[in-house]
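Here are some exercises to work through at your own pace. Try each task before you read its solution.

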Amino acid sequence: MQRFASAPTRCLLASARAPISRRLSTRSSHIVGPPATARAISVATSKELRKSWIVRGLQTGPGAGRETKRRIGLGLLMSLAAFGVLYTTTSAVYSDSQRSDSEHVAADPYLHKTHPDGPQAGDMPAPTPTDGMRLISAAELAKHTTRENGLWISIEGVVWSVGDFVDKHPGGAKIVIQNCGKDATALFKSLHPPDAIEDNLKPEDKIGMIDPSELAALQSSSNGVNQDVETRIKKAREGMMGVDGMVNLDDFEVSNPNLDKRTANTETVLSPEQELAHKILTPAALAYYASGSDDEWTMGANRTAYRRIRFRPRVLRKVGEVDPSTEILGVKTSLPICIAPAALAKLGHPLGEVNLTRGAGETGILQVISSNSSCSLDELAAERKEGQELAWQLYVATDRDRAEKTIKKAFNLGMSSIWLTVDAPVGGNRERDTKEKISRDPPKLGEKSENSGSTSAAQFSYVDPNLTWEDIPWIKSLAPGKPLVIKGISCVEDAILAKEHGCQGIVLSNHGGRQLDGARPPIDVLQEIRRERPELLKEMEVYVDGGIRRGTDVLKALCLGAKAVGLGRPFLYAQSAYGEDGVVKAVQILEEEIQTGMRLLGVTKVSELKPELVECLPP
């Protein structure tokens with residue numbers, strides 16, 4: 001699938017003054033116009049993708065073209081499908097959810113369906129048996145659903161025995177067993193990168209291949225569909241306005257631009273019919289993206305905290321030209337923002353994090369890749385534009401050998417920095433997630449759930465809860481010369497410790513309100529640092545992540561000393577609705593808001609954003 005009509009190189013600081021809308025190339029995949037036109041273009045694009053899904057040139061040596069390398073991720077997605085199982089590797093194993101990634105979609109049948117812009121069931125030819133490979137009928141596969149008879153599962157027609165693995169699955173054995181005897185391709189691909197089995201099963205676990213004459217029927221029967229959900233999402237997507245109808249970041253979540261969540265209290269007051277995300281996402285996906293912990297007080301406070309900061313603009317200054325560009329750890333970026341690590345983007349769009357990487361490259365901003373990414377690091381590294389830098393977020397596994405292997409792999413792939421998340425030794429209590437699951441699969445009276453009370457523990461079973469400051473030198477030794485950022489700082493004392501341990505940056509964050517409910521908003525922590533240890537803002541780079549939805553929010557954080565800010569949910573919603581185009585549009589919106597705000601404040605460069613331009617009210 002041709003991505004662009006032309007491929008301009010990533011804009012550097014010198015060209016960052018030009019609006020992003022003028023720096024973008026014309027893209028053949030950009031869908032605009034009335035729904036009928038959009039659907040026609042989408043279908044054409046989809047067909048081209050399907051034709052080329054497997055046979056995009058796989059040459060990656062010195063003679064390989066950049067276009068070939070860039071598409072290798074999509075090629076591998078299908079060609080490595082034989083290495084799949086319901087498991088997430090160390091580089092994509094931990095979810096920000098109270099329950100396992102698999103449970104988010106296992107009981108939501110619509111998520112087993114393919115997206116209209118992705119390869120459809122039956123488009124891919126059945127696998128051809130290779131030397132000595134058994135042909136297995138669907139009837140034979142269906143017999144292997146218990147530990148006694150053996151646990152077999154099919155991924156893209158390849159049958160694997162998962163009996164030795166099932167109890168090691170971080171999401172629990174139940175979800176794996178539920179899908180044994182079936183083809184679980186769609187479920188697997190919506191959650192995991194394609195190299196999951198390669199890292200976790202042995203070659204001898206490969207049993208054989210499904211009879212090619214039965215594969216299509218097996219996949220169809222395994223992908224049961226909730227017709228009401230399917231109809232609702234299909235109708236919503238067909239009726240969506242073009243991406244240029246999005247005016248602010250909330251529009252990617254709210255279908256009526258006249259309804260602004262910021263005017264409400266911390267509780268959501270919009271009805272489901274008024275939320276774009278509610279229309280185009282499955283209930284499980286929406287619950288995963290939107291949930292906070294406990295009563296979601298902190299999630300709401302992250303946003304409302306910005307209302308306590310008021311501007312003190314200066315006037316009669318030359319503001320005809322403004323430059324919002326900056327650097328993040330030496331990486332030039334067109335705006336003082338980055339795509340924060342956000343997990344499981346494929347729940348909203350079949351290309352998932354690929355959309356984020358492409359959008360970041362096209363607009364000249366930095367993406368921090370999540371350890372929970374539903375795409376592999378190899379895929380995303382292959383999607384980089386020339387000169388594009390990527391950063392990587394890390395959860396440290398209890399298995400230190402595996403953690404070391406993962407860290408080294410990330411930097412062998414050229415990740416520019418490591419962002420260590422430290423505020424999630426265990427998963428937060430995401431009640432919205434839990435209630436959504438219960439609504440689909442209510443427990444029977446007197447029946448005890450296998451995972452009752454322990455889903456969060458299972459989700460973070462590979463995360464080391466005993467990680468301490470003493471482990472920082474070990475992490476730094478695995479990536480010599482690479483900057484280390486600590487993500488999840490919530491008080492000045494820990495900011496001081498990060499500096500003392502040689503970290504180049506910190507992210508003030510409470511995990512988007514998904515961990516400890518009652519934690520302070522990051523913008524309040526920034527004010528504490530400025531009051532008590534202002535020198536830290538000069539000695540290392542400080543970022544703010546949480547609650548930012550406006551360009552003016554970005555400017556307030558920078559006035560108080562932040563180097564840049566991160567945004568997670570807005571980009572997940574944008575890419576879910578419009579793919580890469582949504583990511584680009586979201587950046588354009590922020591650019592316009594930031595430039596307008598700078599002019600109205602009386603500044604022309606981000607370095608001119610000072611504390612005297614704001615007034616902070618007490619919490």
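**Exercise 1. Find which residues of helix 14 and helix 25 meet, and describe how the two helices cross.**

Step 1: Look for contacts, meaning heavy atoms within 4.5 Å. From helix 14, Asn355, Leu356, Arg358, Gly359, Ala360, Glu362 and Thr363 meet Glu580, Val583, Val584 and Val587 of helix 25. Helices here are DSSP runs of H or I with at least four residues, strands are runs of E with at least two, and both are numbered from the N terminus.

Before going on, note that this is a predicted model, in which local features need pLDDT of at least 70, side-chain atom pairs count only at pLDDT 80 or more, and totals for chains, interfaces and linings use all residues. Residues are numbered from 1 along each chain as its sequence is written, and side-chain values use heavy atoms, with hydrogens and water left out.

Step 2: Two packed helices are described by the angle between their axes and the distance between the axes. The axes of helix 14 (residues 353-363) and helix 25 (residues 580-601) come within 8 Å and cross at roughly 40°. Helix 14 is therefore oblique to helix 25.

Step 3: Add the handedness: helix 14 and helix 25 make a right-handed crossing.

**Exercise 2. Work out which strands pair with strand 3, and whether its faces are covered or not.**

Step 1: Strands pair if DSSP finds at least two bridges between them. Strand 2 (residues 145-146) runs antiparallel to strand 3 and is joined to it by two bridges; Thr146 has Gly150 as its bridge partner. A hairpin of three residues links strand 2 to strand 3.

Step 2: Turn to strand 4 (residues 158-161), which pairs with strand 3 in the antiparallel sense over four bridges. Here Ile153 has Trp160 as its bridge partner. Two residues lie between these strands in their hairpin, where Glu156 takes a positive phi near 55°.

Step 3: In a regular strand the side chains alternate between the two faces of the sheet. Gly150, Trp152 and Ser154 on one side of strand 3, and Leu151, Ile153 and Ile155 on the other, are all buried (under 20% relative accessible area, with a 1.4 Å probe and protein chains only). Because six of the six residues of strand 3 are buried, this strand is largely enclosed by the rest of the structure.

**Exercise 3. Is Gln388 buried or exposed, and what does its side chain reach?**

Step 1: Find Gln388 in the loop between helix 15 (377-382) and strand 11 (390-394).

Step 2: Gln388 has 5% relative accessibility, so it counts as buried.

Step 3: Its side chain reaches the backbone oxygen of Thr357 at 3.0 Å.

Methods:
Buried < 20%, exposed > 50% of the residue type's maximum accessible area, 1.4 Å probe, protein only. Polar contact = N/O pair within 3.5 Å; in protein donor to acceptor, adjacent residues only side chain to side chain. Axes fitted to C-alpha atoms, helices over the stretch in contact; angles between N-to-C directions. Parallel < 35°, antiparallel > 145°, perpendicular 65-115°, else oblique. Left-handed = near helix turned anticlockwise from the far one by under 90°.
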